[in-house]
Amino acid sequence: MTLKVTGFSSATSTYKIVNDADSDENVETNVTGSSGQIYSIDITNSAATHTSYVKFKLASGDVTAGTTEPDMMVLCGPSTSEQYYFPDGLAFEQLTFWTTRNPTTTDTTAPNTTIVTILCT
């Protein structure tokens, strides 16, 4: 797990870049420490044979991979990158995420190296 959260400011707002260079089935809980808005999610999946599913819990509360129903899930196909944009922002109370090899809530299978980068406030 190599999670980094970096802040920066523009003339209109303060942003955070959340980068998990090896996102997996281990839950990254409340990574920004406060509520905010997601503006983009970038995913890179190094696996040649399987899709990576990044699961998000956007509400406050405890999260357990394999048990907690995600509020949102985005995917990235094998050996590719995907970008998801939310121009008006996607609100969250608590930004928590994890990545698995299968889309089911009960899955806790670790993916190959999956990089997740999130731009948020």
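**Reading a chain of strands**

User: I have the structure open. What share of the contacts with a separation of 6 or more joins residues 24 or more positions apart?

Analyst: Of the contacts in the chain with a separation of 6 or more, 75% are between residues 24 or more positions apart. Keep in mind that this is a predicted model.

User: Thanks! How many helices and strands are there in the chain?

Analyst: The chain has eight strands and zero helices. Read from the N terminus, the order of elements is β-β-β-β-β-β-β-β. The radius of gyration is 14 Å, close to the 14 Å that the globule rule gives for 121 residues, so the chain is as compact as a globular protein of that length. Along the principal axes, the C-alpha atoms fill a box of roughly 45 × 30 × 25 Å.

User: What can I say about burial and surface in the chain?

Analyst: Out of 121 residues, 40% count as buried. The accessible surface is about 5900 Å², and carbon and sulfur atoms hold 49% of that.

User: Let's pick one strand. Which strands pair with E4, and in what sense?

Analyst: E4 has two partners to look at. E4 and E5 run antiparallel and are joined by five bridges; within this pair, lysine 55 stands opposite methionine 73 of E5. E4 also pairs with strand E7 (residues 96-100), again in the antiparallel sense, over five bridges. There, phenylalanine 56 has phenylalanine 97 as its bridge partner.

User: Are the residues of E4 buried or exposed?

Analyst: E4 is mostly covered, with six of its six residues buried. Try following the side chains: Ser52, Val54 and Phe56 point one way, while Tyr53, Lys55 and Lys57 point the other way, and all are buried.

User: Which residues touch the most other members of the largest nonpolar core?

Analyst: That core has 18 residues, and those touching the most other members are Ile38, Ile41, Val54, Phe56, Leu95, Phe97 and Ile118. Strand E3 (36-45), E4, E5, strand E6 (80-92) and strand E8 (114-120) each give two or more residues to this core.

User: Could we zoom in on one member? Which residues does valine 54 touch?

Analyst: Leaving out residues up to four places away in sequence, valine 54 touches Ile43, Met72, Met73, Val74, Phe97, Trp98, Thr99 and Val116.

User: Now for charges. How many salt bridges does a search of the whole structure find?

Analyst: Here is the general idea: side chains of opposite charge can pair when their charged atoms come close. In this structure the search finds one salt bridge. Its partners are aspartate 71 and lysine 57, whose closest N and O atoms are 3.3 Å apart. This pair links distant parts of the chain, 14 residues apart: lysine 57 is in strand E4 (52-57), and aspartate 71 is in the loop between E4 and strand E5 (72-76).

User: Which class of exposure does each partner fall into, and why?

Analyst: Lysine 57 is buried because its relative accessible area is 17%, under the 20% cut-off. Aspartate 71, at 42%, is partly exposed.

User: One last feature: which residues other than glycine have a positive phi?

Analyst: Two to look at are asparagine 30, with a phi of about 45°, and serine 79, with a phi near 50°. Asparagine 30 belongs to the loop between strand E2 (14-20) and E3, and its relative accessibility of 28% makes it partly exposed. Serine 79 lies in the loop between E5 and E6.

Terms used:
Residues are numbered from 1 along each chain as its sequence is written. This is a predicted model: local features need pLDDT of at least 70, side-chain atom pairs count only at pLDDT 80 or more; totals for chains, interfaces and linings use all residues. Side-chain values use heavy atoms; hydrogens and water are left out. A salt bridge is a side-chain nitrogen of Lys or Arg within 4 Å of a carboxyl oxygen of Asp or Glu. Helices (H or I, at least four residues) and strands (E, at least two) are DSSP runs, numbered from the N terminus. Buried means under 20% relative accessible area, exposed over 50%, partly exposed in between (1.4 Å probe, protein chains only). A nonpolar core is a set of buried Ala, Val, Leu, Ile, Met, Phe, Trp, Tyr and Cys residues joined through side-chain atoms within 4.5 Å. Contact means heavy atoms within 4.5 Å. Two strands pair if DSSP finds at least two bridges between them. The radius of gyration is taken over C-alpha atoms; the globule rule is 2.2 Å times the number of residues to the power 0.38. Accessible areas come from the Shrake-Rupley method with a 1.4 Å probe; for residues, only the protein chains shown count as cover.
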